[in-house]
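Hello,

Here is the structure I promised to pass on to you. Have a look at it first, and my notes on what turned up follow below.

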Amino acid sequence: MKRSFSIISVLLFAFISTVNSCPPSDRAALLAFKAALHEPYLGIFNSWTGNDCCHNWYGISCDTESKRVADINLRGESKDLFERAGRSGFMTGHISSEICKLTRLSSIIIADWKGITGEIPKCIASLPFLRILDLIGNKITGEIPVDIGKLQRLTVLNVADNQISGRIPASLTNLSDLMHLDLRNNKISGPIPKTFGRLRMLSRALLSGNSISGPIPASVCRIYRLADLDLSLNKIYGAIPPCLGKMAVLATLNLDCNKITGGLPSTLLNSAVGNLNLSRNALQGKIPNVFGPRSYFTVLDLSHNFFKGPIPKTLSSASYIGHLDLSFNHLCGRIPAGAPFDHLETSSFMYNDCLCGKPLRAC
């Protein structure tokens, strides 16, 4: 009787252990994912042993009810590792398509490893519960998966600082829950999709440092929550949509180092935008004389354009202007006295046609 009870106890314990650990299929997928990577310095995969990948496997979290793998969080500049190791992370290899067998994944963070190459597995677009895809700071090539728009729960898409090429997929604008989009410093080309304004939940759109061309879609102005729009260091042309100055929460607008033409919309000078960089474009005409108490700029950079005429006198009525740069234009006339001009340096006004007054030569 005692022997029978012992056998039953062992079997019951084995059953409970199996129920409370990750499924063998998830464990196998993780090990196949690991096999495609090489991390020689920190030993982050040393903890990936035993049958239960939900217990003490570094960077792995599981759903408490289903015991399925829910999160992969491997960040190459994680302080808990690198302060002890005295170095930053470096990992080579590629992201295996085996990761797509983890069908309950909510977040994939494989960031700042500097040496991971290969493409983003196309099958990632088939993970129905994925909310975060963060692959910043690697050497990933290829294109953003064309079906990325199938990830209806995605809130963060960050593939900055890689070598990704191709166009922004049209399906990306189907991501109705997307809040943070970061495509900076890649090799992305082609236009911004005309339907970009469908990303109604977007608060940050960072697309700088690519080869994106074409005009700024007017549909961007329909993104009510957008606070930060960075399109700098691209090949964007055409005029600035005046409706950008009517956006309720847009605070940072960086359009510098493009091929933008036309005039400066007056709407931008009395808007919520407090950091406005339009330098190194081909803007022309006069700077609108429409500044007022609502004009609050920590940065206002209009340098390296073709603006002409005088400096607007209403600039003196702005509530605050921290950094102002009007250099390398065709401005002419007397620099107004008083704030904010009394704290600006010569470099803010250099290389214009005929500006005079402090801090330049006397008129």
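The largest cavity has a volume of about 30 Å³. Please keep in mind that this is a predicted model. Counting cavities of 30 Å³ or more gives one.

Which residues line the largest cavity? They are Ile192, Phe196, Leu207, Ile216, Pro217, Val220, Leu229 and Leu231. By residue class, the lining comes out as eight nonpolar, with no polar and no charged residues.

Now to the sheet, which you may like to trace on your screen. It is an open sheet of 12 strands with mixed pairing, and the strand order reads 2-3-5-7-8-9-11-13-15-17-19-21. Why do strand 2 and strand 21 each have one side without a neighbour in the sheet? Strand 2 (60-62) and strand 21 (320-325) stand at the edges, and each has a single partner strand, so one side of each is left free of a neighbour there. From one strand to the next, the twist averages 10 degrees.

At the strand 2 edge, the pairing can be followed residue by residue. Strand 2 pairs with strand 3 (residues 69-75) in the antiparallel sense, over three bridges. Within this pair, Ile60 stands opposite Ile72 of strand 3. Helix 2 (residues 24-35) packs on the sheet as well, where it touches strand 2, strand 3 and strand 5 (107-111). The direction of helix 2 makes about 20 degrees with that of strand 3.

Happy to go through any of this with you.

Best wishes

Key. Residues numbered from 1 in each chain as written. Predicted model: local features only at pLDDT ≥ 70, side-chain atom pairs only at ≥ 80, totals over all residues. Heavy atoms only, no water. 1 Å grid on protein atoms, 1.4 Å probe; cavity = no way out; pocket = protein on both sides within 12 Å on 5 of 7 lines; lining within 4 Å. Points joined across faces, edges and corners; volume = space filled by probe spheres on them. Nonpolar A, V, L, I, M, F, W, Y, C, P; charged D, E, K, R; others polar. Pairing = 2+ DSSP bridges. Helix = DSSP H or I, 4+ residues; strand = E, 2+ residues; numbered from the N terminus. Axes fitted to C-alpha atoms, helices over the stretch in contact; angles between N-to-C directions. Contact = heavy atoms within 4.5 Å.
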